[in-house]
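Here is a short walk through one structure. Keep the sequence and the 3D view at hand as you read.

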Amino acid sequence: MKVLVAVLIALYGMGSWIAINGIWAELPLLVSTLPEKWNLPTYLVIIIQAANIGPIIFTTLRHLRPSTVSLKYGSYGILIIGFVACVLLSIFWAHTTPLRSKESSSSFLALSFMLALVDCSTSVIFLPYMAKYPPSYMIVFYMGEGLSGVVPSLLGLAQGAGGDTCYGKGSGAQPRFSVNIYFVILSILMVISFASFHLLNVLQVSQEERYDAIRSKSTTPDNEEEDEKEEQEVIARIDWKNIRVLEIFSRSSHRSLSPPQREELSRVRRTLFILYVVTVVVCGLGNGVIPAIQSYACLPYGPVTYHLAVELGLLANPIMCFAAFYIPTLAPLALALMCWVAAGIAAVLIWTASLSPEPWLLDATAGPVLIVMLCVVWTGLISYIKVCVASVLRGYGENALIWCGVATQLGSCVGAVIIFTINLTVKPFTAC
């Protein structure tokens, strides 16, 4: 692994979710300023999922015309759009317009949709692009994606909590720099990610680290006989990287296979099914449900508690990505078990949010500490699961990673629609 290439890939990965993570990190201040108040996270979640139209269109075009729809230029395009949206957000984030006799954060929500369009599309553009590099760089990419959480988190911690009060629990402090400056910094980070991606495409050292270059180096006249002998030994194996996921699950895919190959096909089907279900569940809770109700679970304990839960949770992301590099979990059943544990923690957070504005241990010191710990452990666990799932799917080629992106956005969309519908009809969550 080349250090320069690893750094560039990490900075490229940072651009994947830095815009939306940046908005989440700023929510403790935004909910106290914008007219939507505590309902702002719920609106954001549904807007982010509406942006899934982007990856749907790209995946469809990529499937129909793979030779003309380029991952390279797709990456360039969404990074440019992300930069423009961040600049506009730094100017118009506080602009409101009247809607049904109430003020609405129209500019903020519209620009958030643009940023969500960018970040959602990275799931089906950035991940497949990483199939060009060896598996070790996939972990580096996820570490970079973790930076998209840790950098806004550190900015948020440096900025300070601010925020309004709930039961007299307000911090009373003013932020150290404005929301405008915060979004300007995010736009600069988007430029850094764009520049890093461009260098990945033009630098010779990056080209040499790709699979195509590695294969060409390993094929020489001296070892042609060995390659031919090795080819005869593995002739009965299936090259899963060159088979589309839909073909693997097709009924006709096993007709021309030998009994050992059929057994291997069944194993691969089970593995892919488990991993995609885990992805849907984890992303449904992590990108849809929990972000929408986290304000109700944390804000009754005070804005500082909400601030720490959000920022430290984002910090847990790269730490667990780093842990996945040294202690990976690649067994599908083990990842499914971790998914159940994560679902249990999510259930506790949802139950806490339903008790708002008077959750458990409200007046005790242990209450804020426990809710922050739950949020941090939850974020770290789902981050670890997602990295391990992607590492396994990396072995099945670019198409498997594309469907990983589809499963990610499908789960996120379903989770968002469910929690938005419940919040709109049953209204189980109450602001103080």
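**Aromatic rings and cysteines**

Phe-141 counts as buried, because its relative accessible area is 1%. Bear in mind that this is a predicted model. Tyr-12 is buried as well, with a relative accessible area of 0%.

Across the whole structure, a search finds 11 aromatic pairs. Tyr-12 and Phe-141 make one of them: their ring centres sit 6.1 Å apart. Their planes meet at 55°, so this pair is tilted. Now look at where the two partners lie in the chain. Tyr-12 belongs to helix α1 (residues 3–14). Phe-141 belongs to helix α7 (residues 135–159). The two are 129 residues apart, and their pair links distant parts of the chain.

Next, find Tyr-133 and Tyr-137. They form an edge-to-face aromatic pair. The distance is 5.7 Å centre to centre, with 65° between the planes. Both Tyr-133 and Tyr-137 are buried.

These four residues also share one aromatic cluster. Its other members are Tyr-73, Tyr-76, Phe-126, Tyr-129, Phe-194 and Phe-197.

Now turn to the cysteines. How many disulfides are there? The count is zero. A disulfide is a covalent bond between the sulfur atoms of two cysteines. To count here, the two sulfur atoms must lie within 2.5 Å. For Cys-120, the nearest cysteine sulfur is that of Cys-413, 9.1 Å away. Cys-120 is therefore in no disulfide. For Cys-413, the nearest cysteine sulfur is that of Cys-120, and Cys-413 is in no disulfide either.

Is each one buried or exposed? Cys-120 counts as buried, because its relative accessibility is 0%. Cys-413 has 26% relative accessibility, so it counts as partly exposed.

Definitions and conventions: Residues numbered from 1 in each chain as written. Predicted model: local features only at pLDDT ≥ 70, side-chain atom pairs only at ≥ 80, totals over all residues. Heavy atoms only, no water. Buried < 20%, exposed > 50% of the residue type's maximum accessible area, 1.4 Å probe, protein only. Phe/Tyr/Trp six-rings, centres within 6.5 Å; stacked < 30°, edge-to-face > 60°. Helix = DSSP H or I, 4+ residues; strand = E, 2+ residues; numbered from the N terminus.
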